[in-house]
Amino acid sequence: MAREFTPVVYIITDKPGGRLYVGSTTNLVQRIWQHKTGAVAGYSKRYGLKRLVWYEVHGSMEEAGLRERRMKKWNRAWKVRRIEGLNPSWRDLYEDLA
């Protein structure tokens, strides 16, 4: 499980098969809470992306940032395969973190 100050890349969505957003952070619990409450303006707030469906822990923020930038360039099918490999039902993984 990702803990506070652990570099993480994550994907959030609005619903199974819905819009996707790839991000990175060092505090996954806090960042997903920000998405859920709409605390930060932007794409995720505009489209109601609040469901954490995938995340990956990294050894440094530099690694996580590089992975995030690469994943943002992936086509949708690759991202969906990554999600469904870990979380086939697209369950909100935030419940496991909080």
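## Fold and nonpolar cores of a predicted model

Val8 is buried, its relative accessible area being 0%. The model described here is a predicted one, and in it Val8 belongs to strand β1. Although Val8 and Leu28 are 20 residues apart along the chain, their C-alpha atoms are separated by 6.8 Å.

The protein as a whole contains five helices and three strands, which follow one another along the sequence in the pattern β-β-α-α-β-α-α-α. The C-alpha trace spans about 30 × 30 × 25 Å along its principal axes. A compact globule of 98 residues would have a radius of gyration near 13 Å, so the 12 Å of this protein agrees with that expectation. Of the contacts between residues at least 6 apart in sequence, 64% join residues at least 24 apart, and buried residues account for 46% of the 98 residues.

The largest nonpolar core is made up of 12 residues, among them Val9, Ile11, Leu20, Val22, Trp54, Met71 and Trp90. The elements that each supply at least two residues of this core are listed below.

| Element | Residue range |
|---|---|
| β1 | residues 8–13 |
| β2 | residues 20–25 |
| β3 | residues 51–57 |
| α3 | residues 61–72 |
| α4 | residues 76–86 |

A second core, separate from this one, has 11 residues and includes Ile12, Leu28, Ile32 and Leu49. In soluble globular proteins, nonpolar side chains tend to be buried together.

Within the largest core, Met71 offers a view of how the elements meet. Once its neighbours within four places in sequence are set aside, Met71 is in contact with Val9, Ile11, Val22, Trp54 and Lys79.

Trp90, another member of the largest core, lies in the loop between α4 and α5, the latter covering residues 94–97. Trp90 counts as buried because its relative accessibility is 4%, which falls under the 20% limit for that class. The backbone of Trp90 has a positive phi of about 60°, although this residue is not a glycine. Most residues other than glycine have a negative phi.

Turning to the surface, the protein exposes about 5600 Å², of which carbon and sulfur atoms supply 49%. As for charge, there are 19 positive and 10 negative side chains, and the centres of these two sets lie 8 Å apart.

Methods. Residues numbered from 1 in each chain as written. Predicted model: local features only at pLDDT ≥ 70, side-chain atom pairs only at ≥ 80, totals over all residues. Heavy atoms only, no water. Core = buried A, V, L, I, M, F, W, Y, C linked by side-chain atoms within 4.5 Å. Buried < 20%, exposed > 50% of the residue type's maximum accessible area, 1.4 Å probe, protein only. Helix = DSSP H or I, 4+ residues; strand = E, 2+ residues; numbered from the N terminus. Contact = heavy atoms within 4.5 Å. Rg over C-alpha atoms; globule rule 2.2 N^0.38 Å. Areas by Shrake-Rupley, 256 points an atom, 1.4 Å probe, with all protein chains shown as cover. Lys, Arg positive; Asp, Glu negative; His and termini not counted. Charge placed at Lys NZ, Arg CZ, Asp CG, Glu CD.
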